Structure formats: structure tokens, C-alpha cells
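New to this one? Here is a quick briefing to read alongside the sequence and the 3D view.

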Amino acid sequence: MHPVMAEYDFKKEGVRTDLSEMVLSKYKCERNEVPITLTNGSTLPLVERSNDEATESYNPFEHRKLTHPTTDADTLIHLLKGSLGSGILAMPMAFKSAGLFFGLFATFFIGAICTYCVHILVKCAHILCKRTQTPSLGFAEVAEAAFLVGPRPVQKYARLAKATINLFLVLDLVGCCCVYVVFVSENIKQVADFYMEPDLDVRIYMIMALPFLICLSLVRNLKYLAPFSMVANGFIAAGLGITFYYIFSDLPSIENVNKISSWKDMPLFFGIAIFALEGIGVVMPLENNMETPSHFLGCPGVLNIGMFFVVSLYSTVGFFGYLKYQDDTKGSITLNLEQSSMLAQSVKVMIATAIFLTYGLQFYVPMEIIWKNIKHIFGSRKVVAEYIVRIVLVTFTVGMAITIPNLGPFISLVGAICLSTLGLMFPSIIELVTFWEQDHGFGFCFWKLWKNLLIIAFGFLGFLTGTYTSMCEITNNSN
């Protein structure tokens with residue numbers, strides 16, 4: 001559920017990705033007219049711990065003042081739109097690492113865990129909104145609030161908790177920019193190789209793209225990038241439609257396809273699958289802007305409906321994409337399309353162009369976070385310094401792509417490092433801290449404690465094995 005596409009939001013005149021709203025939007029308490037007092041660098045309202053009666057009587061939904069609240073249907077559409085990014089093109093590669101049948105089972109299993117962790121985060125956000133008398137909270141602010149009003153020994157780590165989540169968000173977004181560069185270069189190379197002799201190394205295409213990426217990154221006004229977002233959306237839709245046509249044409253029998261892969265390849269599946277499916281970043285902004293936030297969770301609920309559709313679609317593409325190309329499946333399913341076919345070439349060019357045009361919007365988010373934390377260093381030369389930082393950061397993303405030019409392991413590496421932490425471990429830690437001092441907070445036989453420890457262990461195992469396997473794959477490909 002993790003999109004690699006960013007897009008321009010015309011209403012808010014800002015960039016929208018699965019993570020950006022939560023990171024970049026001003027803290028909602030100000031908008032909802034709750035006074036904020038800074039304490040030790042915290043952005044949360046300075047409030048006394050309220051008693052149980054006051055906490056239960058406070059309804060954060062009633063105190064949200066939204067200019068343009070979204071209906072359940074609008075929220076579902078935004079959830080689907082934000083979830084269906086180019087990560088879907090890597091799912092056949094994930095199934096190659098897991099096997100046809102085990103990949104199908106494991107995709108639904110990981111999707112269920114990711115959805116459950118989203119439930120954990122949103123429920124904790126509601127509880128912490130009541131405790132802090134705050135109308136709404138973002139992801140990082142939920143972690144900060146949990147530590148601030150949690151057990152006394154962990155309260156001093158509130159700023160660290162928020163900073164850690166924002167750090168992993170930046171790593172995730174910069175990693176996505178690196179994936180952009182690899183994705184664009186590999187697709188353009190395949191088309192160019194058909195018409196050119198001799199074939200150029202994919203790294204040459206990355207270097208050739210660098211000046212154009214720098215030009216995109218130097219555009220500071222998002223309004224000028226808005227037309228690119230519209231063109232990219234059109235190219236992505238058309239490209240995916242033609243790709244699906246190729247996948248479902250002349251499917252082979254499942255008799256000879258690998259049903260279950262070897263255990264040493266499973267961590268690569270984990271990294272790619274969680275990269276594609278994990279969308280915890282989009283949740284809090286969507287829930288905070290709903291007209292009826294109580295409909296977001298529950299059964300069936302907006303979240304459950306959206307996630308079931310997303311996981312089903314990703315499983316379908318992964319299953320049939322791997323069934324179609326089997327051992328020849330590549331990091332992006334577009335790379336498997338016929339090189340000699342003009343229609344297939346048009347798909348590669350369209351999707352590569354869409355990803356390229358979106359680079360400027362995706363780059364804006366981590367750049368904004370980084371710049372806000374370092375601009376005080378440069379004094380009166382902020383404008384020149386900002387341009388230099390932008391050029392350096394873009395060059396860094398291209399440099400990382402040149403260093404790791406293999407798309408599949410690169411995607412798995414980003415998923416294993418960033419999204420196993422953001423999507424699995426952090427929500428469980430937040431729930432543990434939130435309920436630690438509550439009477440019977442962990443339920444019968446401390447089941448919540450054991451459940452969260454298992455999720456943290458699963459995420460940590462995926463983090464270690466996914467990172468190790470991805471790095472081994474990257475090293476082997478380099479050699």
C-alpha cells in the first residue's frame with residue numbers, strides 16, 4: 001500500500017503523498033483553536049493529566065473544525081488512490097521470491113498485520129486525543145503524546161520518539177526518490193537498447209537524468225509542478241491498463257511454476273511486499289479530515305474495505321504476473337514486456353515519464369523536513385544555501401541509485417529498513433506505552449502485551465533478515 005507516486009493537492013496548494021501530510025502540515029491543534037505551549041521542544045498542548053471522568057467526557061471529533069471534511073466515500077477513494085502506486089509493479093518479483101501459492105498466502109497475511117497495526121495506531125490516537133484534550137494528532141505526534149502522558153520513566157523520551165519517526169519517514173521518502181531513479185533508468189534503457197548499438201550501462205542513463213532531476217528539484221513553488229502531476233496520473237493509468245492486458249494474455253499452466261520458494265529468498269519477499277502494502281502514513285491525515293471519523297474503523301469500516309481491495313489487487317497482480325513470466329520475472333513487471341513491441345515500449349516510456357515527472361513532488365517532502373531543521377545555520381544566505389542543499393540531496397539520490405542499480409533488492413531494502421519499523425514496530429510500541437499504566441490495560445492474561453511483543457519481534461526479524469538478504473542480493477548483482 002505504499003505508493004511511489006506523489007501528487008499535487010489543488011485545494012491545499014501542497015504536495016500529497018502517503019506520508020507528507022502528516023509530516024508537513026501544521027499541527028492541527030492550532031487550526032482547531034486549542035492553545036499550544038511549548039515545553040522542552042514538544043509541540044503538544046501543555047495540559048494536566050485529566051481525571052478519568054474528564055477524559056471520557058471529551059470527544060475529540062466534536063472539537064475538530066474542518067474547512068472541507070470528507071465523506072466516507074471520499075475517504076475510501078483517497079485511501080485507494082494513495083495506496084495504488086507503482087509498488088504494485090514489483091509484486092510479481094515478490095511472488096518470485098516466495099513462490100506462487102505461498103506468496104498468495106503471505107501477501108494476505110502481511111496485509112492483515114499491516115491493517116491491524118493501522119487499527120492500533122488510530123485507536124491509540126483517539127485515546128491520546130482524549131487524554132491530552134486535543135482534537136487530532138498525526139503519526140509522530142501520537143508517539144510523542146504516548147510518551148508524554150505515559151509512564152514517568154519514558155516521558156523524557158517523547159521528543160526522541162517523535163524525532164525517530166520523522167527520521168524514518170525521511171529515510172523512506174529519500175529511498176523512494178532513489179527507487180524513482182532506478183525505475184526510470186531501467187525502463188528507458190530497455191527501450192533505448194532496442195534502437196541503439198552498443199547497449200549502454202543503466203548507470204549512464206542515471207547520470208544523464210541528473211541535470212533534469214536537478215532542474216525539477218529547484219522548483220520551489222509547487223504550483224508550477226501541478227501540471228506534471230496531472231500528466232503523470234494519466235500516464236500511470238494508461239500504462240497500468242496496457243500492462244494488465246499483457247499479463248492476462250496467454251497465461252501458462254500453473255503445473256510447472258514454483259509453488260513455494262526456498263527460505264533464503266523469503267526475506268526479499270517480505271521487504272518488497274511491505275514496501276508495496278504498507279500505507280500507515282496516509283491513515284492519520286485521512287482519519288483526521290473525515291466528517292464521521294468513527295466510520296474509519298469498525299466492521300466493515302472504510303479502512304477494512306479499502307485494505308481488502310488493495311491487498312486483493314496486489315495479490316492478483318503478483319500471482320498472475322509471476323505465473324506469466326515465472327523465473328524471468330524482473331523488479332518491475334514493465335521490464336518483462338516485449339522489447340520489440342511498440343505498445344510495450346510505449347508503456348515503459350509512459351510509466352517512466354510519469355515517475356520522472358513526479359520526482360519533483362516526491363522530493364519536496366523530505367527536502368522540506370530537512371531544510372526546516374538546518375536553515376537556521378545559514379543566517380542571511382538562506383536562499384542560496386537552500387538551492388545548494390537541494391542540488392546535493394538530488395545528487396545523493398542519484399548516487400545511491402548508481403551504487404544500487406538493481407530495482408528489486410533496492411525496493412526490498414527500503415521496505416525492510418523503513419516500513420517494517422514505521423508500519424509494524426512503532427504502532428506496537430505506541431500501544432504498549434499508551435496502556436502501560438492503565439488498570440487491566442493489557443487485557444486478560446496480558447494478551448495485548450504478548451501480542452505486541454510478537455508483532456515487534458516479527459517486524460524486527462523482517463528488518464534484520466530483509467536488510468541482510470537485500471544487501472546480499474545487491475552485492476551478488478554488483479559482482
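Lys451 and Glu431 are both buried, and they pair up in a salt bridge whose closest N and O atoms are 2.6 Å apart. Lys451 belongs to helix 17 (residues 447–478) and Glu431 to helix 16 (residues 407–435), so this pair ties together parts that are 20 residues apart in sequence. Keep in mind that this is a predicted model.

**More on salt bridges**

- Side chains of opposite charge can pair when their charged atoms come close.
- How many salt bridges does the structure hold? The count is seven.
- Glu141, Glu144 and Lys162 are joined into one network by salt bridges that share partners.
- Over in helix 8, Lys189 and Asp193 are four residues apart, which puts about one helical turn between them.
- The side chains of Lys189 and Asp193 meet in a salt bridge, at 2.8 Å from N to O.
- Is Asp193 buried or exposed? Asp193 counts as buried, because its relative accessibility is 14% and the cut-off for buried is under 20%.
- Arg203 and Asp201 also bring their side chains together in a salt bridge, this time at 3.4 Å from N to O.
- Both ends of that pair get some exposure: Arg203 is partly exposed at 29% relative accessible area, and Asp201 is partly exposed at 38%.

**A nonpolar patch on the surface**

- Which residues make the nonpolar surface patch? Phe194, Tyr195, Met196 and Met342 do, and the patch covers about 440 Å².
- Phe194 sits in helix 8, which runs over residues 158–195.
- With a relative accessible area of 40%, Phe194 is partly exposed, so it clears the bar of over 30% that patch residues have to meet.

**Helix 11, tucked away**

- Helix 11 covers residues 266–277, twelve residues in all.
- From first C-alpha to last, helix 11 reaches 16 Å, close to the 16 Å expected at 1.5 Å a residue.
- Why can helix 11 be called largely enclosed by the rest of the structure? Because twelve of its twelve residues are buried.
- Among the buried residues of helix 11 are Met266, Pro267, Leu268, Phe269, Phe270 and Gly271.
- The buried list for helix 11 also includes Ile272, Ala273, Ile274, Phe275, Ala276 and Leu277.

Technical notes
Residues are numbered from 1 along each chain as its sequence is written. This is a predicted model: local features need pLDDT of at least 70, side-chain atom pairs count only at pLDDT 80 or more; totals for chains, interfaces and linings use all residues. Side-chain values use heavy atoms; hydrogens and water are left out. Patches are made of residues with over 30% relative accessible area and no salt bridge: like charges are joined within 9 Å, nonpolar side chains (Val, Leu, Ile, Met, Phe, Trp, Tyr) within 5 Å. Accessible areas come from the Shrake-Rupley method with a 1.4 Å probe; for residues, only the protein chains shown count as cover. A salt bridge is a side-chain nitrogen of Lys or Arg within 4 Å of a carboxyl oxygen of Asp or Glu. Helices (H or I, at least four residues) and strands (E, at least two) are DSSP runs, numbered from the N terminus. Buried means under 20% relative accessible area, exposed over 50%, partly exposed in between (1.4 Å probe, protein chains only). The expected span of a helix is 1.5 Å times one less than its number of residues.
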